[in-house]
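I opened this structure to look up how its strands, helices and nonpolar cores are arranged. My entries follow.

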Amino acid sequence: MPEVTPLPTNPSPRATDPSLVRAAGPAASRGSGPHGGTGQRHPLDNPVLASLHGPHAHFAERRGRILRYSPDVTPWVALPDEPDARDWADVAALAGPGASVTLTAFREPPPAGWEIVFHAEGVQLVDDTLDAAPDPEALLLGPADVPEMLDLVERTRPGPFLPRTVELGTYLGIRRSGVLVAMAGERLHPPGWTEISGVCTDGSVRGQGLATRLIRAVAHGIRERGETPFLHAAAANTSAVRLYESLGFTLRRKTSFLSALVPADAPVGTDLHTDARTRDRGTGSLEQVGR
């Protein structure tokens, strides 16, 4: 990369901090905190939950302790660290019978009767020595570019990208002869951290380093906000993991990704909670999830 972007004066905790690689302790009892209890855990231990309790709260749909993104934004659903039967009933009520529920950072399998339709072991990597820098060819993408972005995703299959995914953060793209051929952007946003996702390159321009350039450019914007980039990859996608490590990302933890179908007869806990939705008051295969 042409230049190293200086870290902010008060950067977010780095991967070299021993507290980032400690084994996750037992979750606290049911409570009102962002992880379902009074105990504090690192936001990357349950990044979907931390995002929807934090910077992405305006995307959240809630039932009881369950949070999810609006279904046209991204499919992730957030469970507390130790979900109980009432939580699973709330997942069922929020998603609806037969719906697919997509989870990460889970510890226990769904209850009996939930059909698992996708499962993959994954890795979570954090920026350690990434040489972030803006790219002169990278263009800011927005809602007007969504049809082209969806078309590129259809051709490259980087992972979940939906009509409103672009609203999650900054997306940058590179065009050739006016055609969008590569992009990368931001997805999950736990406090102090931003996930790089949606990284994809059209087959006609692979091998030219466009994905690397866009990762560095997106990371530059994240760093400029005083936050730290991180990302997820399928553990089996060793070529992607090697690329990220060569760029300066370091393994923080192993994780798992799962999609399961809500049973048609799942209890929905209609007498337990009142549905609430937080309104916006302001203006991928897996890695094959996202990169």
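**Helices, sheet and cores**

I began with helix 3, residues 146–156, and found that helix 3 lies across strand 6, strand 7, strand 8 and strand 9. Its direction is about 90° to strand 8. I note that the model is predicted.

Next I looked up helix 5, which lies across strand 5, strand 10 and strand 11 (249–261). Helix 5 runs at about 160° to strand 10.

I then traced the sheet. It is open, has eight strands in the order 4-11-5-10-9-8-7-6, and its pairing is mixed. Strand 4 (100–104) and strand 6 (139–141) are the edge strands, each pairing on one side only. From one strand to the next the twist averages 30°.

I checked one pair within the sheet: strand 7 and strand 8 are antiparallel and share six bridges. L172 has A184 in strand 8 as its bridge partner.

I turned to the cores. The largest nonpolar core holds 28 residues, and I196, L214, I215, Y244 and F249 have the most contacts inside it. Elements that give two or more residues to this core include strand 7 (171–176), strand 8 (179–186), helix 4 (210–224) and helix 5 (238–247). Which element gives the most to this core? I found that helix 4 does, with eight residues.

I followed L214 further. Leaving out residues up to four places away in sequence, L214 touches A138, L172, G173, I174, A182, M183 and A184. Apart from the largest core lies another core, of 17 residues, and among them are V48, A60, L67 and L188.

Key: Residues are numbered from 1 along each chain as its sequence is written. This is a predicted model: local features need pLDDT of at least 70, side-chain atom pairs count only at pLDDT 80 or more; totals for chains, interfaces and linings use all residues. Side-chain values use heavy atoms; hydrogens and water are left out. A nonpolar core is a set of buried Ala, Val, Leu, Ile, Met, Phe, Trp, Tyr and Cys residues joined through side-chain atoms within 4.5 Å. Buried means under 20% relative accessible area, exposed over 50%, partly exposed in between (1.4 Å probe, protein chains only). Helices (H or I, at least four residues) and strands (E, at least two) are DSSP runs, numbered from the N terminus. Contact means heavy atoms within 4.5 Å. Two strands pair if DSSP finds at least two bridges between them. Axes are lines fitted to C-alpha atoms, for helices over the stretch in contact, and angles run from 0 to 180 degrees between N-to-C directions.
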